[in-house]
Amino acid sequence: MSLGGRTVLHNLSLTIPSGASAAVVGVSGVGKTTLLRCVAGLLTPTTGRVIINGQPPGALYGQGALAFLFQEACLWRHLTARQTLELTLKLYGLPAHNGEIEKLLSRVGLSGFDSYYPHRMSVGMKARLAIARAFCVAPSVLLMDEPFAALDPLRRLDLNRQVQTMRREAGCTVMWVTHDVVEALQFATHVIALPHGNSKPVELLDLGTLPAIADGASLPAEALAMRDRLLETIVGDTPVEDVSAEVVG
Amino acid sequence: MTDSRTVRDPATLLAGASIAVAILLGWEILGESSTSVRLLLSSPVRTVSYVIGHFGEAGQSFLYTGMESLLGLAVATAFALAFGAVCVYHPRIGSISFPLLVASQVIPLVCLAPMIILVFGPGPSGKVFLSALIGFFPILTNVVSGIRSVPSASQEVMLLMAAPKAQVIRHVVIPHCMDHFFAGMRIAAPLSVIGAIVAEFNGADIGVGKDIFISAKRLEPELMMSGIAAGAILSGLIYGLVLLLERRLGPWYWER
């Protein structure tokens, strides 16, 4: 894939298994967002193709099978939370039952906020409503381009957990961009490591054997080894550990 | 913590009202200070007496100019919205016509008034035309900048839903452009009154502009001051109408 004459992604061939949570990690400008936009069909690769469930991404538009959470929540500013979900269902040609909307809002922790317009919502509430909108029609693929980047670590943790729970329940595949390797190890089943400067082939790592990482706990040895391997791929160097420094004024 | 609503507290309102009363009082004293000043400047009391005494004619002029201004603003709005959409959605047309339009703004539109009256005659059409011409540009530039600033991600959300173009315009473009559109309208509202009055200076059977123009020739300060006051009230009323329209959009717009 080249953008503005510069090759961004090169020689990339991946197969993401159904139901996976694939985190895309890499340094800034390496092509994480470009990869996600190619998968969504919002960018056309210079050469090559993207296939989702045997179809090009464009064929899935309008069915609710493919959802995208952008960095901004991109809510409809003139609609309340309830109206947002009603319009989403209407655009997919589905009836908007009150019970179903209540359930969705409560699922993302927005019960009682159904009459709120986006301008009255916090960044976290907007992200929650965007999640509810994405899961309105049980997507088979959800793409997330750092939608929680503007949130504090606790809220981000909470929303990541929420999305992964909904992913498991809906059985959908989630592909998400993050800068945080530890976050990727905690919530992903697979990691796509984009090497800095296209120096190495892109790797898809299966984290299936990795032990679960509890919130706030230190990383087990296997996770530490995986973290170092990922950092070596994406940054091109091994991390420096156990540094002690003294500053003399 | 203070916000814009602080200016509406009773103390601020009282201070504003006191300044207004002081200005009117000073104006009244000055207007009645000597015979020569009385010939040039009408005091507030004399102006009000004049309007009461000539309520029919003054009211007719007020309504006539008001109608021309409102029609001018409506025409300007309709053309600015249509042309703005064409400029954005057909970039080739936009890239040719928009710079020309910007360049055309170097012509002071009031200089065109005599020519416009010659072409349209002394009836209301020339006044509506000039009023529309003067209000068109601020609305257009704001609408174009509003449409261009719609976030691409918001449109892509709709693309993934395969939403029809009409739905994208209704739920993404229009709500996003409202701030820009009304910013243009707030500038265009008083300009539309200026356009109508300037056109009336150049030939009219009736109107506030004609009254002001004649008053200078006849040395009638009461008529002049009532015309000036009528122009100011008209501008304020049309501006208020625009604000009222904004309020009608709902809490999502004015609460933000």
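1. Let me start with a helix pair in chain A of this predicted model. α2(A) and α3(A) are oblique to each other, because their axes cross at roughly 120° and an angle outside the parallel, antiparallel and perpendicular ranges counts as oblique. The two helices cover residues 81–91 and 98–107, and their axes come within 10 Å. The crossing of α2(A) and α3(A) is right-handed.

2. If you would like to look at the residues behind that crossing, α2(A) brings A:Ala81, A:Arg82, A:Leu85 and A:Glu86, which meet A:Ile101, A:Leu104 and A:Leu105 of α3(A). Sorted by class, this contact has five nonpolar and two charged residues, and no polar ones.

3. Chain B offers another helix pair to set beside it. Helix α1 (residues 10–31) of chain B packs on helix α3 (residues 44–53) of chain B at about 85°, and the axes are 8 Å apart. That angle makes α1(B) roughly perpendicular to α3(B), since 65 to 115 degrees is the range for that label. On the α1(B) side, B:Leu24, B:Trp27, B:Glu28 and B:Gly31 make the contact, and on the α3(B) side B:Pro44, B:Val45 and B:Arg46 do. The classes here are four nonpolar, one polar and two charged residues.

4. Back in chain A, you may want to look at A:Gly54. It sits in the loop between α1 (32–40) and β4 (66–69) of chain A. A:Gly54 has 6 other C-beta atoms within 10 Å, so it is exposed, the cut-off being 12 or fewer. Ten residues along the chain from A:Gly54 is A:Gly64, and the C-alpha atoms of the two are separated by 16 Å.

5. Now to the interface. Here 17 residues of chain B are in contact with 18 residues of chain A. On the chain B side, α8 (152–160), α9 (165–201) and α12 (251–254) each supply at least two residues. Of the elements of chain B, α8(B) gives the most to this side, with six residues. The side of chain B that touches chain A divides into eleven nonpolar, three polar and three charged residues.

6. Finally, a word on confidence. For the complex, the predictor gives an ipTM of 0.84 and a pTM of 0.82. Chain B averages a pLDDT of 90, and 97% of its residues score at least 70. Please do keep residues 1–6 of chain B in mind: there the pLDDT is below 50, and the stretch has zero contacts in the model beyond near neighbours in sequence.

Methods
Residues are numbered from 1 along each chain as its sequence is written. Chains are lettered from A and ligands numbered from 1 in the order in which they are written. This is a predicted model: local features need pLDDT of at least 70, side-chain atom pairs count only at pLDDT 80 or more; totals for chains, interfaces and linings use all residues. Two residues are in contact if their C-beta atoms, placed from the backbone, lie within 7 Å. Helices (H or I, at least four residues) and strands (E, at least two) are DSSP runs, numbered from the N terminus. Ala, Val, Leu, Ile, Met, Phe, Trp, Tyr, Cys and Pro count as nonpolar, Asp, Glu, Lys and Arg as charged, and the others, Gly among them, as polar. pLDDT is the predictor's confidence in each residue, from 0 to 100. A residue is buried if 20 or more other C-beta atoms lie within 10 Å of its own, exposed if 12 or fewer, and partly exposed in between; C-beta atoms are placed from the backbone. Axes are lines fitted to C-alpha atoms, for helices over the stretch in contact, and angles run from 0 to 180 degrees between N-to-C directions. Angles under 35 degrees count as roughly parallel, over 145 as roughly antiparallel, 65 to 115 as roughly perpendicular and the rest as oblique. A crossing is left-handed if the near helix is turned anticlockwise from the far one by less than a right angle, and right-handed if clockwise.
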